[in-house]
Amino acid sequence: MWWARVMDRFIKGRTIATTIGNTIAIPNNWALMSPRAKAELLIHEARHLEQFRDWGCGVVWIGVVVLAVLYILALPAVFTVRAHLERQAYEQSMRASYMMGNKGPEYKDSWKQFMVQVFTGRLYVWMWPFKRKVEQWVDTVWYKLKIEDKMELLEYNLWKPI
Ligand SMILES: [Zn+2]
């Protein structure tokens, strides 16, 4: 597939995953990643698969075109559609991590640090460059997960469609 080759070139030397349409390109350090990190990453990318399908009204390649246009129009960053989509996907990563037992406050703090880097940094072109807002969003997701845990809704919310 032509875009697998393009993505392969794009991702060489990178330690991030990328999903375009129905193709997930795993990072080149995949073999070194822990099973836990792999699960968090695949749950995240699975949400992106759904997003391409949904933004294309059920047709993945239309979703690719729609999101590509939105990404381009949204540059330079700040309040981008991409930030919205990444928040949905990272919420799933946090949910998966939480379900695997990472429930202590130290995990919330490390998610905050990581999310601030992701959303306010250059890796994703400063897509949501407001540190305080990002931290508040992590707090909100975290307390949502605690409530879901008490109500035994974590697994349901991990697999339900958006
Ligand atoms: Zn993502």
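**Close-up 1. Where helix α4 meets helix α6.** In this predicted model, Arg87, Glu91, Met94, Arg95 and Tyr98 of α4 are in contact with Trp137, Val141 and Leu145 of α6. Sorted by class, this contact holds 5 nonpolar and 3 charged residues, with no polar ones. The two axes come within 10 Å of each other and cross at roughly 45 degrees, which makes α4 oblique to α6. As for handedness, α4 passes α6 in a right-handed crossing.

**Close-up 2. Helix α2 packed with helix α4.** Here we move to another partner of α4, namely α2, which spans residues 35-55, while α4 itself covers residues 81-99. Their axes lie 8 Å apart and make an angle of about 145 degrees. The crossing of α2 past α4 is right-handed. From α2, the contact draws on Ala39, Glu40, Ile43, His44, Arg47, His48 and Gln51. From α4, Leu85, Gln88, Ala89, Tyr90, Gln92, Ser93, Ala96 and Ser97 take part. What is the mix of classes in the contact of α2 with α4? Look for 6 nonpolar, 7 polar and 2 charged residues.

**Close-up 3. The largest nonpolar core.** This core has 13 residues. Which of them touch the most other members? They are Met94, Met115, Phe119, Trp128, Val134 and Val138. Three helices each supply at least two residues of the core: α4, α5 (105-120) and α6 (131-150). Met94 is also worth finding again in the first close-up, as one of the α4 residues that meet α6.

**Close-up 4. The surroundings of Val138.** Val138 is among the core residues that touch the most other members. Setting aside neighbours within four places in sequence, what does Val138 contact? Its partners are Lys108, Trp111, Lys112 and Met115. Met115 is listed with Val138 among those core residues as well.

**Close-up 5. Val116 and its neighbours.** Val116 sits in helix α5. Is Val116 buried or exposed? Val116 is partly exposed, because 19 other C-beta atoms lie within 10 Å, whereas a buried residue needs 20 or more. Not counting residues up to four places away in sequence, Val116 touches Lys131, Val134 and Glu135. For Lys131, the separation along the chain is 15 residues, yet the C-alpha atoms of Val116 and Lys131 are 5.8 Å apart. Val134, another of these partners, reappears from the third close-up, where it is among the core residues that touch the most other members.

Conventions:
Residues numbered from 1 in each chain as written. Predicted model: local features only at pLDDT ≥ 70, side-chain atom pairs only at ≥ 80, totals over all residues. Axes fitted to C-alpha atoms, helices over the stretch in contact; angles between N-to-C directions. Helix = DSSP H or I, 4+ residues; strand = E, 2+ residues; numbered from the N terminus. Left-handed = near helix turned anticlockwise from the far one by under 90°. Contact = placed C-beta atoms within 7 Å. Nonpolar A, V, L, I, M, F, W, Y, C, P; charged D, E, K, R; others polar. Core = buried A, V, L, I, M, F, W, Y, C linked by C-beta atoms within 7 Å. Buried ≥ 20, exposed ≤ 12 C-beta atoms within 10 Å, placed from the backbone. Parallel < 35°, antiparallel > 145°, perpendicular 65-115°, else oblique.
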